[in-house]
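The following paragraphs walk through a single protein model, moving from its interior outward to a few individual residues. Please keep the sequence and the coordinates at hand while reading.

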Amino acid sequence: MLGRLFDRQHATAENSNSTVPSGPRIPRHSGGWAALRKRLIAEPGLRVLDVGTTSPTNINYLTSLGHSVYMADFIDDVLSQEWQTGKDEEGNPAWDTDGFVEQNLQFSGRIFDVVLLWTVLDYLPEPLVIPVISALHRAMSPGGQLLALFHTKLEPNLAPYQRFHTTPTDNVELQLARPATQQRALTNRNIERLFSEWSGLKQFLAKDGVSEAIIVR
């Protein structure tokens, strides 16, 4: 589900009609966010794609730094089942990957400098993972940076889908979002292979079963 582009002059919660997560926010230190935040502070005027349920906090913080923010909610569109086309030969759900990419990853010619992907890849159906990564590659400027987080273990009952809210510190805040099931756990080697066409990758260690990476276009 695509959102709109939020300019720094028009950044308020009223700009979006998407459902806002409710419930407590849990702070979590993020080495990836800490590193990326330095660039966001130093270079005003960037275009940022924030993936997930609309977060007025993210819109307001990023636009306050002088950036334009575009919202996209891939998981919401997955859960709508609009792009399921039946079953494959093994009985797994089949997906209209071209339709999904056309709906969710065509940004009217906009090219992004920063993408906040968070843990979205862990919750996408398998047929959509590579098409989404490829489409993001096309939608980013050379040298653009993508922040992604990855669960290190496949534990769907212990890994609910969460919305990440930015802060002006090295922490992000986690909040339960629309229920979605973890589909995979990716090793460092898996991550390197998925992003083999990108120019660089820096990984950050974590102690809570979630690794982080900043991948450079």
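In this predicted model, the largest nonpolar core has 41 residues, and those with the most contacts inside it are Phe 74, Leu 117 and Leu 146. Several elements contribute to this core: β3 (47-51), β4 (68-72), α3 (74-79), α4 (97-104), β7, α5, β8 and β12 each supply at least two of its residues. The largest share, 6 residues, comes from α5.

Two of the strands that feed this core can be followed in some detail, beginning with β8. Strand β8 covers residues 140-151, and 10 of its 12 residues are buried, so β8 is largely enclosed by the rest of the structure. One of its pairings is with β7, in the parallel sense and over 5 bridges; within this pairing Val 115 stands opposite Leu 146 in β8. Between these two strands the chain passes through helix α5 (residues 126-138), and the resulting β-α-β crossover from β7 to β8 is right-handed. Strand β8 also pairs with β12 (residues 210-216), here in the antiparallel sense and over 7 bridges. Leu 146 takes part in this pairing as well, with Ile 215 as its bridge partner in β12. Leu 146 therefore has a bridge partner in β12, faces Val 115 across the β7 pairing, and is among the residues with the most contacts inside the largest nonpolar core, where buried side chains are joined through atoms within 4.5 Å.

Turning to β7, how many of its residues are buried? The count is 7 of the 7, so β7 is largely enclosed by the rest of the structure. Besides its parallel pairing with β8, β7 pairs with β3, again in the parallel sense, over 3 bridges. In that pairing Asp 50 stands opposite Leu 116 in β7.

Strand β7 also holds a residue whose backbone deserves attention, and some background helps here. Most residues other than glycine have a negative phi. Trp 118, which is found in strand β7, has a phi near 55 degrees, a positive value in a residue other than glycine. Trp 118 is buried, with a relative accessible area of 2%. A positive phi also occurs at Ser 108, again near 55 degrees and again in a residue other than glycine, but Ser 108 lies in the loop between α4 and β7. Is Ser 108 buried or exposed? At 69% relative accessibility Ser 108 counts as exposed, because the cut-off for that class is over 50%.

Trp 118 leads on to the internal spaces of the model. The structure holds 2 cavities of 30 Å³ or more, and about 30 Å³ of space lies in the second largest cavity. Which residues line the second largest cavity? They are Val 51, Gly 52, Leu 117, Trp 118, Thr 119, Val 120, Tyr 161, Gln 162, Arg 163 and Phe 164. The elements that give two or more residues to this lining are β7 (112-118) and β9 (162-165), and β9 gives the most, with 3 residues. By residue type, the lining of the second largest cavity divides into 6 nonpolar, 3 polar and 1 charged. Leu 117 thus appears in two settings, since it belongs to this lining and is also one of the residues with the most contacts inside the largest nonpolar core.

Two spatial relations between residues distant along the chain complete the tour. Phe 164, which is part of the cavity lining, has its C-alpha atom 9.1 Å from that of Thr 53, although the two residues are 111 residues apart along the chain. Thr 53 lies in the loop between β3 and α2 (56-64), and Thr 53 is buried, with a relative accessible area of 12%. The other relation involves Phe 100, which lies in helix α4 and is buried, with a relative accessible area of 0%. Phe 100 and Leu 128 are 28 residues apart in sequence, and their C-alpha atoms are 8.1 Å apart in space.

How values were computed: Residues are numbered from 1 along each chain as its sequence is written. This is a predicted model: local features need pLDDT of at least 70, side-chain atom pairs count only at pLDDT 80 or more; totals for chains, interfaces and linings use all residues. Side-chain values use heavy atoms; hydrogens and water are left out. On a 1 Å grid over the protein atoms alone, a cavity is a set of points where a 1.4 Å probe fits but cannot get out, and a pocket is an open set with protein on both sides within 12 Å along at least five of seven lines; lining residues have an atom within 4 Å of a point. Grid points are joined across faces, edges and corners, and a volume is the space filled by probe spheres set on the points. Helices (H or I, at least four residues) and strands (E, at least two) are DSSP runs, numbered from the N terminus. Ala, Val, Leu, Ile, Met, Phe, Trp, Tyr, Cys and Pro count as nonpolar, Asp, Glu, Lys and Arg as charged, and the others, Gly among them, as polar. Buried means under 20% relative accessible area, exposed over 50%, partly exposed in between (1.4 Å probe, protein chains only). Two strands pair if DSSP finds at least two bridges between them. A crossover is right-handed if, with the strands pointing away from the viewer, the path from the first strand over the helix to the second runs clockwise.
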